[in-house]
Amino acid sequence: MKRIISVLMENAPGALSRIVGVFSQRGYNVDSLCVAPTDDASLSRLTIITHGDDKVIEQITKQVNKLIDVLKVVDLTEGTHIERELMLIKVATRTESVRAEVKRNSDIFRARIVDVNVNNYTIEITGTTDKLDAFATTMGQCAEIIESSRTGVCGLARGDRALRP
């Protein structure tokens with residue numbers, strides 16, 4: 001089962017490496033990683049997407065929580081949450097019909113064309129992982145995908161719940 005683990009940690013050299021080391025030492029896979037400083041420059045928020053049953057996730061969160069750089073660990077999938085991911089995708093648009101189809105599909109998915117070239121468009125889209133997967137599949141059917149890049153999921157709990165020290 002897909003799990004979203006959110007970690008509030010010290011913004012210090014080696015902190016991310018130690019957290020990811022917990023996963024690799026125990027043979028758990030990290031599907032996605034997103035990390036950036038919070039409004040407090042001394043702290044960073046790390047969002048990890050992984051797979052595992054309740055026992056595995058409990059083990060991971062306990063081990064990560066023991067690390068000195070970690071202030072708090074929360075499994076966001078346990079409650080209501082909001083998750084988003086960003087993708088940039090460059091597609092070949094050598095003919096007018098392909099350009100029109102790419103524009104139409106971008107509008108349907110509420111994506112933005114952020115760069116236009118004679119031979120290609122670069123498109124920005126945000127949403128859930130499923131939405132981005134569907135968009136990439138659709139684009140692949142109407143145009144050649146030249147390259148793409150994704151940020152990984154970031155997420156927050158809904159309502160009053162917050163990850164604070």
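**Figure 1. Overview of the chain and its order of elements.** In this predicted model, the secondary structure of the chain amounts to four helices and nine strands. Read from the N terminus, these elements follow the order β-α-β-β-α-β-β-α-β-β-α-β-β. The C-alpha trace spans about 55 × 35 × 35 Å along its principal axes, and of the 165 residues in the chain, 39% are buried. When contacts between residues at least 6 apart in sequence are considered, 74% of them join residues at least 24 apart. The chain exposes about 9,400 Å², with carbon and sulfur atoms supplying 50% of that area. The chain carries 22 positive and 22 negative charges, and the mean positions of these two sets are 2 Å apart.

**Figure 2. Close-up of Ser44 in strand 3.** Ser44 belongs to strand 3, which covers residues 43-51. With a relative accessible area of 4%, Ser44 falls under the 20% limit and is therefore classed as buried. The side chain of Ser44 is joined to the side chain of Asn11 by a polar contact of 3.4 Å. Once residues up to four places away in sequence are set aside, Ser44 touches Val7, Leu8, Met9, Glu10 and Asn11, and it also touches Val35, Ala36, Pro37 and Thr38.

**Figure 3. Close-up of Asp69 and its partner Arg18.** Asp69 sits in the loop that runs between helix 2 (54-66) and strand 4 (70-75). The relative accessible area of Asp69 is 10%, so this residue is buried. A polar contact of 2.6 Å links the side chain of Asp69 to that of Arg18. Apart from neighbours within four places in sequence, the residues in contact with Asp69 are Leu8, Met9, Glu10, Ala15 and Arg18.

**Figure 4. Close-up of Ser32 in strand 2.** Ser32 is part of strand 2, made up of residues 30-37, and its relative accessibility of 13% is the reason why it counts as buried. The side chain of Ser32 reaches the backbone nitrogen of Val153 at 3.1 Å. Val153 also appears among the residues that Ser32 touches, together with Thr47, Ile48, Ile49 and Gly152, when residues up to four places away in sequence are not counted. Ser32 and Ile4 are separated by 28 residues in sequence, and their C-alpha atoms are 9.3 Å apart in space.

**Figure 5. Close-up of Gly52 in the loop after strand 3.** Gly52 is located in the loop between strand 3 and helix 2, and because its relative accessibility is 15%, it counts as buried. Leaving out residues up to four places away in sequence, Gly52 touches Met1, Arg3 and Ile57. Gly52 and Tyr28 are 24 residues apart along the chain, and 8.4 Å separates their C-alpha atoms.

**Figure 6. Close-up of Lys103 in helix 3.** Lys103 is found in helix 3, which comprises residues 96-108. Its relative accessible area is 42%, so Lys103 is partly exposed. A polar contact of 2.9 Å joins the side chain of Lys103 to that of Asp107. The C-alpha atoms of Lys103 and Thr126 are 16 Å apart in space, while the two residues are 23 apart in sequence.

**Figure 7. Close-up of Arg110 in the loop before strand 6.** Arg110 occupies the loop between helix 3 and strand 6 (112-116). Its phi angle is near 60°, which is a positive value in a residue other than glycine. Arg110 has a relative accessibility of 74% and therefore counts as exposed.

**Figure 8. Close-up of cysteine residues.** A search of the whole structure finds zero disulfides. Cys34 accordingly takes part in no disulfide, and the nearest cysteine sulfur to it, belonging to Cys154, is 4.9 Å away. That separation exceeds the limit, because a disulfide requires two cysteine sulfur atoms within 2.5 Å. Cys142, also shown here, counts as buried because its relative accessibility is 16%.

How values were computed
Residues are numbered from 1 along each chain as its sequence is written. This is a predicted model: local features need pLDDT of at least 70, side-chain atom pairs count only at pLDDT 80 or more; totals for chains, interfaces and linings use all residues. Side-chain values use heavy atoms; hydrogens and water are left out. Helices (H or I, at least four residues) and strands (E, at least two) are DSSP runs, numbered from the N terminus. Buried means under 20% relative accessible area, exposed over 50%, partly exposed in between (1.4 Å probe, protein chains only). A polar contact is a pair of N or O atoms within 3.5 Å; within protein, one must be able to donate a hydrogen and the other to accept it, and residues adjacent in sequence count only if both atoms are side-chain atoms. Contact means heavy atoms within 4.5 Å. Accessible areas come from the Shrake-Rupley method with a 1.4 Å probe; for residues, only the protein chains shown count as cover. Lys and Arg count as positive and Asp and Glu as negative; His and the chain ends are not counted. The place of a charge is taken as NZ of Lys, CZ of Arg, CG of Asp or CD of Glu.
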